[in-house]
Amino acid sequence: MSFRNYKEKIDEGDTVILYLCNNFFAIEVKPEIKNKKGELIENVYQTTFGALKVRNLIGSNYGSKVELSKGWGHILQPTPELWSLTLPHRTQIIYTPDISMILLQLDLVPGCVVVEAGTGSGSLTHALIRRVRPHGHVYTFDFHDHRAKVAQEEFQEHGLADFVTARHRDVLAEGFGDDLKEKADAVFLDLPKPWTGVPHAVAAIKNDGGRFCSFSPCIEQVQRTCLTLEQQGFQDISTMEVLQSEIKVSRKTVPVRDLSFLKHKGSENPVEEKPSSEKTYVVGTWPHSTPGHTGYLTVATLPPSFIRRKLKLTKSEECNGNPIEEDKNLDEAMAVDENKF
């Protein structure tokens, strides 16, 4: 239940984060666990600094120092950011730099209804839940039945089941369902063919309009998605890539020469070539290597339904007055090999 609310004490059944020498580990606080034979044994978590008896965590304060058999660590309150670093990977996940931009671009506030397609390991879903609760709701879909069930069980264990519904569904073929028609404030797609899901996103977004975002690793996917978004009446279409660059703080020592000899320069006082002292500075330096490509975020706004109808009517009148010959080769030029996705 530690994901639901911030609190001081650790209770049995909580999920906690062990911070140990710049590494993070998720631990479920259970005094006993079953071994391979199905027998109940004491829950002892093994680390590089020795063993941690999980039973001793119950009643401790979050943020407190815990003793290990060969050292010590700290127990932290779980957050979506820390969970992204420690969760069991069922698929590739989206990390905090992209997640933060997705939440910003979707204009989410508490009380919003957001639809996510591509639950995966639930990294983004935890961040979406935190943004829209206590009165909002997240509907997340995965085409893989087992992943959807495991995700729902995980949300239940974390005390988040009231704010999220995980379903098994192929949204590209079946859409989001009639119960979500015109209910969503925002839609996020993390799918191999996001352009196929754009019409379903239009059906799910409210009549007042909303925001759309898709995550795609390949620029060909982005091209087809942007074309479909434009055809479906979306506006403010843009694509971005989030690359995080962290400045490192370090100490640098530089040689210092005593220039007092210049006052008495002469043949009898030769110049000393070696530095006479050293001085240390605290400096910020850029990393030697830049982070690699993760994926492209394509975002767009779906205007209210009456504006979409007005724009369609205007375009129809313009076409009737001044016929425009369409470029038949456009789709062929932008098409990609379907087998790649």
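**View 1. Strand E9 and the two directions of its side chains.** From strand E9, Val113, Val115 and Ala117 point one way while Val114 and Glu116 point the other way, and all are buried (buried means under 20% relative accessible area, exposed over 50% and partly exposed in between, with a 1.4 Å probe and protein chains only). The strand, residues 113-117, is thus shown as mostly covered, with 5 of its 5 residues buried. Helices (H or I, at least four residues) and strands (E, at least two) are DSSP runs, numbered from the N terminus. The model is predicted, so that local features need pLDDT of at least 70 and side-chain atom pairs count only at pLDDT 80 or more, whereas totals for chains, interfaces and linings use all residues. Residues are numbered from 1 along each chain as its sequence is written, and side-chain values use heavy atoms, with hydrogens and water left out.

**View 2. E9 beside strands E10 and E12.** E9 pairs in the parallel sense with E10 (residues 137-142) over 5 bridges, where pairing requires that DSSP finds at least two bridges between two strands. Within E10, Thr140 is the bridge partner of Glu116. E9 also pairs in the parallel sense with E12 (residues 186-189), over 4 bridges, and in E12 Leu189 stands opposite Ala117.

**View 3. The surroundings of Asn43.** Asn43 lies in the loop between strand E4 (40-42) and strand E5 (44-47), and counts as buried because its relative accessibility is 9%. Leaving aside residues up to four places away in sequence, Asn43 touches Glu28, Lys30, Pro31, Glu32, Ile33, Leu52, Lys53 and Val54, a contact being heavy atoms within 4.5 Å.
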